[in-house]
Amino acid sequence: MKLLPLIALAMACAPAFADDLPDASWHTSAELGAISTSGNTAGTSVTGKIDARQELDDWSNQYIVAGHFKEDEVNDSEGNSTSRRSAERYSLSAKAAYKMVKENEKLFVLAAHVGDKFGAYSRYNTMAVGRSTRWYASPAASVDVEIGPGYFRGERATGEPESGFTVRGAAAMRWQVSQNALLSHIVSVERGTSNTHSIAEAALSTKINGTMQMKAAFVARNDTNVPADKKNTDTQTSLTLVYSF
C-alpha cells in the first residue's frame, strides 16, 4: 500500500518540523496505527490523525486531518490475487474560537469535510457557529460543552444531494486518571430536518515517555436516515502510537 510509507515518513519528519516552529503557541500530535496480515487472510489497514492546536492571546484554533484506509487481498476462481479497497475515509476540520472576558467562555466557528467511499454519506460538509463554555473543572478533570446553529451539505451513497440547517451540540470530557494516563470522551450531535448525525469517541492514552503515547480508542458514527443497504452505525476500534510536539 502506497499510503503506509508516506504516513511513516511524515511521522519520522515530525521532530524536525517541531524544531522549526516559530513559537510555543502550537501544540501538535500525530498518531498512526497499522495492521498487516498474510497467509489465509491478507490485507493492510492504516489509520492516522494529525491534531494541531494554536493558543493565542485572543484565539484558540484547532486543525484536524484524519484518515482510515483498508485493503484486502482476494483470490478469484482461478486463484489470482488482487487488492480490493474495503474502507476509505478521510476528514478535515478547522475551528477558530474567540476568547471572551470570562475564562473558558468562547465564541467559535467550525468548518468540516468528510469523504467516505463506503459510508451512508459519500460526502458530508458542515459549518457551525456557537458558544462554548467549561461546564465542570477540577484539578484532574474538565468538561467543555458547546452549542450553536449550523448548515450541512452532503451526498448520500445513492448519489442524492442533501442539505439543510442544523443545530449542533458537543461535549468534551478529559480526566487525568494518573500521572501517565488520560481518559477522554468526545460527543457531537448535528440535528437536521432529515437526519441526525452523531459521533462519539472514547480514548485512553498512556504515556511512554515525554513525547510518545499509546492510545486505545473506540469511535461510533451514527446517521438516523441512511439508504436501505447501509447500516445506521459505523464503529472503529484502534490502537495507535501518538507523537506530541
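Which residue in β10 is the bridge partner of Ala181? It's Thr206. Keep in mind that this is a predicted model, so let's walk through what it shows, starting with the strands around that pair.

**Strands β8 to β10**

Strand β9 has a neighbour on either side of it in sequence, and it pairs with β8 in the antiparallel sense and runs antiparallel to β10 as well. Here's how the two pairings look:

| Pairing | Bridges | Residues in the hairpin link | A bridged pair |
|---|---|---|---|
| β8 (161-178) with β9 (181-192) | 12 bridges | 2 residues | Ala170 and Ser188 |
| β9 (181-192) with β10 (196-207) | 11 bridges | 3 residues | Ala181 and Thr206 |

In a regular strand, side chains take turns pointing to one face of the sheet and then the other.

**A nonpolar patch**

Over on the surface, Ile50, Val65, Tyr90 and Leu92 make a nonpolar patch of about 340 Å². Leu92 belongs to strand β4. Is Leu92 buried or exposed? Neither, quite: its relative accessibility is 41%, so it counts as partly exposed.

**An unusual backbone angle**

Asn104 is worth a look too. It sits in the loop that links β4 (81-99) to β5 (106-116). Its phi is positive, at about 65 degrees, even though Asn104 isn't a glycine. With a relative accessible area of 30%, Asn104 is partly exposed, because that label covers whatever falls between the buried cut-off of under 20% and the exposed cut-off of over 50%.

Technical notes. Residues are numbered from 1 along each chain as its sequence is written. This is a predicted model: local features need pLDDT of at least 70, side-chain atom pairs count only at pLDDT 80 or more; totals for chains, interfaces and linings use all residues. Side-chain values use heavy atoms; hydrogens and water are left out. Helices (H or I, at least four residues) and strands (E, at least two) are DSSP runs, numbered from the N terminus. Buried means under 20% relative accessible area, exposed over 50%, partly exposed in between (1.4 Å probe, protein chains only). Patches are made of residues with over 30% relative accessible area and no salt bridge: like charges are joined within 9 Å, nonpolar side chains (Val, Leu, Ile, Met, Phe, Trp, Tyr) within 5 Å. Accessible areas come from the Shrake-Rupley method with a 1.4 Å probe; for residues, only the protein chains shown count as cover. A salt bridge is a side-chain nitrogen of Lys or Arg within 4 Å of a carboxyl oxygen of Asp or Glu. Two strands pair if DSSP finds at least two bridges between them.
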